[in-house]
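This report invites the reader to follow a protein complex from one of its strands outwards. Please keep the sequence and the structure in view while reading.

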Amino acid sequence: MEVWKNIKIKRSFRQIRMEKIFRSSLVLIALSILVMVFAFMLTLIIQSLPSIKALGFGFLYGKTWDPVANIYGTYPFLLGTLLTSFLALLISIPFSFSIAIFLGEYYPRGWFSEFLKNAIELIAAVPSVIYGFWGLFVLVPIVRSIELKMGITPYGIGIFTSSLILAIMIIPYAASLGREMIRMVPAELKEAAYSLGATRWEVIRMVIIPYSKSGLFAGVLLSLGRALGETMAVTMVIGNTSIIPKSIFDPGNTMASVIANEFTEAASTLYLSSLIELGLILFLVTVVINIIGKKVISRFTQ
Amino acid sequence: MENTILKAVDFDAFFGDNQVVKKVNIDIPKNNVIAVMGPSGCGKTTFLRGINRMHELIEGATTKGKMLLNGENVYDLHPIFVRHKIGMVFQRPNPFPNLSIYDNVIAGYKLNGMKIAKPDRDVIVEQSLQKAALWNEVKDSLHKKGTFLSGGQQQRLCIARAIAMEPEILLLDEPTSALDPISTSSVEVLLHELKKNYTIIIVTHNMQQAGRVSDKTAFFYMGELIEFDKTKNMFTNPKDERTQNYITGRFS
């Protein structure tokens, strides 16, 4: 008890003021992020006003994109974006769900599972330009030889090749989230099913998948969001033609790849503005898909 | 013995290197309620899960010895057939949350991919719920989700789900530990009815409950079966000192 006689608890106003300054600077930084997001959207909207005014809804369903003739119809790109993204989803879902079930239920532990889990996470971390590169030098020749065998024009590049690249790139999103969701299925429900004489496959089909289906769906949405917005890898292998693709083996363009390819040469106000409007549409679509995905996840995890 | 339905012979159970059930030999008579009791960690739940081969679902869990159901070692059968013949009810009621009451009762058939005609299905559901003493309470809401029921009702639903498969033995792992006293007594009363058709093995850490519901009691301590006798004898005149210590509350 002697100790306290020698110590005086001193608190200066300076220390209290510091606390206030610290707190308000945190608030300020947080607010500046919010302001940035809104400023970002505002810029997109203002810059795309000229094209919105000049072209209206025709912008969305116009089939011709010819900047030289000042015609801006983005239907080919909308189609290209939807085709590549959904084709990529279709290709990647069997893989990502299998991986999710494998890691979430069959082999949640062990060196192989750890290795696989890290490998999947690595897929998400590789810069997309490397995928583009790999696609150009490995996938394109393979697709070309397939096209030759099928007796169609052997472009090699095109919608299908982009979808393949995208499919690989988006696997981690649905796989990791799916794995988390499958691991969250209560053990007592699985035991209930086992005790009734169900096999592992029956437990997965009748208990685990129904229970975690909204989580699996959210993973697919996040994958879709990623696929819609992916720019670099797609731009490198899609062929960049602004003509409506007649088959999935034709070259095409996506919204993101058009922006990346053409913004440097967009000389006229309307040209630049219509590229920005494309960006605005892409921005809104991916934001909406991400919000829905997050909503589904948060409802599931409650 | 003529009416022995289940017989354990030198039965061991392990988690990795850790032996939790040691050389258990026991003859379970048919149409009886058998209570398995003992202090926490004595291996009683593990022993129970060894009977229908649920123990081996845990990673690194193994067993040795024999578990004879009607003279046939369950460890020579496929676990799926074993679990058809030996039903199980767990500590916490676990009806399938995405299924209705009706679908929960026939979940065993659905899970096993057995197709049954609607009229037969209706009969199975009604009779199972009646046997589980739940029919009168739920007959008007069969297509509501099972998770809307009270804890005791959910547990009886789980019993109905287990007996819908027409098992020979029903294993109950502390089935009332998550229930309030009224729900507990509703389940206990039910056990008396059920033993007409099934052999029941119930793990409990509640001695009063063992006294109320069981014909015979097995006392486990440190993984060993210490004593197995008529419940009445066990409580009035235990042969082993450890049983006596447990019953008189000298350790828990």
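## A strand and its two neighbours

In this predicted model, Ile34(B) has Lys216(B) of β9(B) as its bridge partner. The two strands concerned, β3(B) and β9 (residues 216–221) of chain B, are paired in the parallel sense, with four bridges between them.

Strand β3 (residues 33–37) of chain B also runs parallel to β8 (residues 199–203) of chain B, and four bridges join these two. Within this pairing, Val33(B) has Ile200(B) as its bridge partner in β8(B), while Ala35(B) stands opposite Ile202(B). In general, strands of a sheet pair through backbone hydrogen bonds, in either a parallel or an antiparallel manner.

## Burial of the strand

Is β3(B) enclosed or open to its surroundings? Five of the five residues of β3(B) are buried, so the strand is largely enclosed by the rest of the structure. Val33(B), Ala35(B) and Met37(B) point one way from the strand, whereas Ile34(B) and Val36(B) point the other way. Residues on both sides are buried.

## The sheet as a whole

The strands described above belong to an open sheet of six strands in chain B, in the order β6-β7-β8-β3-β9-β10. The pairing in this sheet is mixed. At its edges stand β6 and β10 (224–230) of chain B; each has a single partner strand, so one side of each is left without a neighbour in the sheet. On average, neighbouring strands are turned by 20° against each other, direction ignored.

## The contact between the chains

How many residues of chain B are in contact with chain A? There are 20 such residues in chain B, and they are in contact with 16 residues of chain A. At least two residues of the chain B side are supplied by each of α2 (79–85), β6 (86–89) and α4 (107–111) of chain B. The largest share comes from α4(B), with four residues. By class, this side of chain B has nine nonpolar, eight polar and three charged residues.

## A helix of chain A

Helix α12 (residues 269–301) of chain A has 33 residues, which at 1.5 Å a residue should span 48 Å. The C-alpha atoms at its ends are 47 Å apart, which agrees with that expectation.

Several residues of α12(A) are buried, among them Ser273(A), Leu275(A), Leu282(A), Gly293(A) and Ile297(A). The buried residues of this helix pack against other elements of chain A, including α2 (13–55), α4 (75–106) and α9 (200–229).

## Two residues with positive phi

Asn70(A) is not a glycine, yet has a positive phi of about 65°. This residue lies in the loop between β1 (65–66) and β2 of chain A. Asn70(A) is exposed, with 11 other C-beta atoms within 10 Å.

In chain B, Asp10(B) is a residue other than glycine whose phi is positive, near 45°. Asp10(B) is placed in strand β1 (residues 4–15) of chain B. Is Asp10(B) buried or exposed? Asp10(B) is exposed, with 11 other C-beta atoms within 10 Å.

## Confidence of the prediction

For chain B, the average pLDDT is 90, and 98% of the residues score at least 70. The predictor gives the complex an ipTM of 0.89 and a pTM of 0.80.

Terms used. Residues numbered from 1 in each chain as written. Chains lettered and ligands numbered in written order. Predicted model: local features only at pLDDT ≥ 70, side-chain atom pairs only at ≥ 80, totals over all residues. Contact = placed C-beta atoms within 7 Å. Nonpolar A, V, L, I, M, F, W, Y, C, P; charged D, E, K, R; others polar. pLDDT = per-residue confidence, 0-100. Pairing = 2+ DSSP bridges. Axes fitted to C-alpha atoms, helices over the stretch in contact; angles between N-to-C directions. Expected span 1.5 Å × (residues − 1). Buried ≥ 20, exposed ≤ 12 C-beta atoms within 10 Å, placed from the backbone.
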